[in-house]
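Here are a few short exercises to work through with the structure open beside you. Try each task yourself before reading its solution.

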Amino acid sequence: MRASFDVRNADANTLSRPELRPYTIVSADSHVSLPPKMYKEYLDPKYYGSWGDFLNDMALINKVVDLQGYPFPPEALEVYDKRGVVQNAGEVGFFDPVWRLRQVEAEGIAAEFLHPLGPIGPAPFIDVTNSRCSDELRMAGARAHNRFLADFCSEAPGRLLGVPFIYPWPDWDAAVADMVWARECGFYAIFPPYTAGAPGDLPPLYDAWWDPMWAACQDLGLAVHIHVGFGNPQGAVAELARQAFGNTSGPGDGNDVSMIDPDMLPKFDPAGDSETKNSFLSAFFESFTERRPLWQLMWGGVFDRFPKLKVVFSEIHADWLPAALAYLERAHAAEPGPLKLTPTEYWQRHCAVGTSLMRYGDVAVRHEIGLNKMMFGSDYPHTEGTWPNTHDWIRTTLGSVPEVEARAILGENAIDFYGLDRALLERTAKRIGPLHGELFNGQPVDPKLIRHFEFRAGINKPVNFNIDQMNQAFEEDRAGALKALATSAKNA
């Protein structure tokens, strides 16, 4: 039975009760990017000659996005957009900071880590969806995005927390200078080259070639964010689109796939023969390449050479981590190799995970991986993220979690891990943050909305841990890491 709050009896002790303290919510994974045509303003004019190639890529990528069901169909908006913020241009917050703050503050989010990438705004030349670009062009695109990012985040320093692209061209001195600039801008993390370890591209992260980046991150207090999709070759998406559509441009017909509305599935499979219960996105966010840096950094000696380095696995589920750490513990026990600590000790000393698209399985392993290692991500403004239903998503996935643990996952862990400005964020939370009784109010979440969560993010999917895939990747990475260590020792 609900009881009214009797304000006549309120005193200092009453008002200091935890349930009357707003949640300080920090998103460890959100996104920001310009619509492609708007990036030219930030690009060095020296590279205008390549601009047409970038726009041609984007015309193809837009067709892929169209065919996946974007923008939202009316049927989905009826379930997903009850506040009317999507249909009233809420996604403009992807590139307009004033609109951005309006959207995230409405959901009680005090601060966000802002990654690049997104279906409506890939950055020029550096994004993995672009056709294969030269190192110099990648650097030019990275700096164009970073200039925009600095402008964007200046609207709310300490709350809009950019994660800039870092690309080592023409050398690491230039990249380290960009990292110093990032720290001076008030940023707490960097986005390393997405194509590290991809065939024919940059070396895997166990290679000592990366040591200047690790050293600068350690010295500057910058975390390294390994984001979903890491380790894939640039140009693969554009090439698939080119094969599918040729060199034509223009919108798709919207009748092939839906990544947005689960009610569209019967249209594609009227006989009900398919076993598909979730969108392709729910599988994309449990892919494998972004997991590999976990053991590459251990067996490559990176964590030993840089004992204060921080690494965050962002927009990556946490449910696979207990199985992966157990596997690595067994491998270490059987053949310790050069490791000075155990894999679990490295994880605890260096790492955290930003669990965007949070699943029941992620929440279930919070104590196995360390409660202080799990952080919430809204993934705004992506269609598979929590916006504009963040509170309902939190109720659905964290509803049975004790309050102190919910507070840790939703913001306290991020504040502590990165060393954010706690005073600033708590002042912000007093203005916009939900109280415990507002966030976890016992009200049921619309089953149709939960169905959307399940479809887009697979919140009820079982753990995906393929032992054969793990065996192959680990053996390849361990051999490569040990060879790289021997080469470094020989050249020292």
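## Exercises with solutions

**Exercise 1.** Work out how the contacts in the chain are spread along the sequence.

*Solution.* Keep in mind that this is a predicted model. Begin by taking contacts between residues at least 6 apart in sequence; 81% of these join residues at least 24 apart. For the setting, the chain's secondary structure consists of 22 helices and eight strands, and 57% of its 492 residues count as buried.

**Exercise 2.** Find the residues that touch the most other members of the largest nonpolar core, then explore one of them.

*Solution.* Start with the core, which has 141 residues; W214, L294 and Y418 touch the most other members. Helix α5 (residues 135-153) gives this core its largest share, nine residues. Next, pick L294 and set aside its neighbours within four places in sequence: its contacts are then F303, F313, W320, L321, L325, L328, W347 and C351.

**Exercise 3.** Describe helix α18 and decide whether it is largely enclosed or not.

*Solution.* First, the length: α18 covers residues 403-418, 16 residues in all, and spans 22 Å from first C-alpha to last, close to the 22 Å expected at 1.5 Å a residue. Second, the bend: a kink of about 55 degrees is centred on I409. Third, the surroundings: buried means under 20% relative accessible area, and 13 of the 16 residues of α18 are buried, so the helix is largely enclosed by the rest of the structure. Finally, look just past the end of α18, where G419 has a positive phi of about 75 degrees.

Key. Residues are numbered from 1 along each chain as its sequence is written. This is a predicted model: local features need pLDDT of at least 70, side-chain atom pairs count only at pLDDT 80 or more; totals for chains, interfaces and linings use all residues. Side-chain values use heavy atoms; hydrogens and water are left out. A nonpolar core is a set of buried Ala, Val, Leu, Ile, Met, Phe, Trp, Tyr and Cys residues joined through side-chain atoms within 4.5 Å. Buried means under 20% relative accessible area, exposed over 50%, partly exposed in between (1.4 Å probe, protein chains only). Helices (H or I, at least four residues) and strands (E, at least two) are DSSP runs, numbered from the N terminus. Contact means heavy atoms within 4.5 Å. The expected span of a helix is 1.5 Å times one less than its number of residues. The bend at a residue is the angle between axes fitted to the seven residues ending there and the seven starting there.
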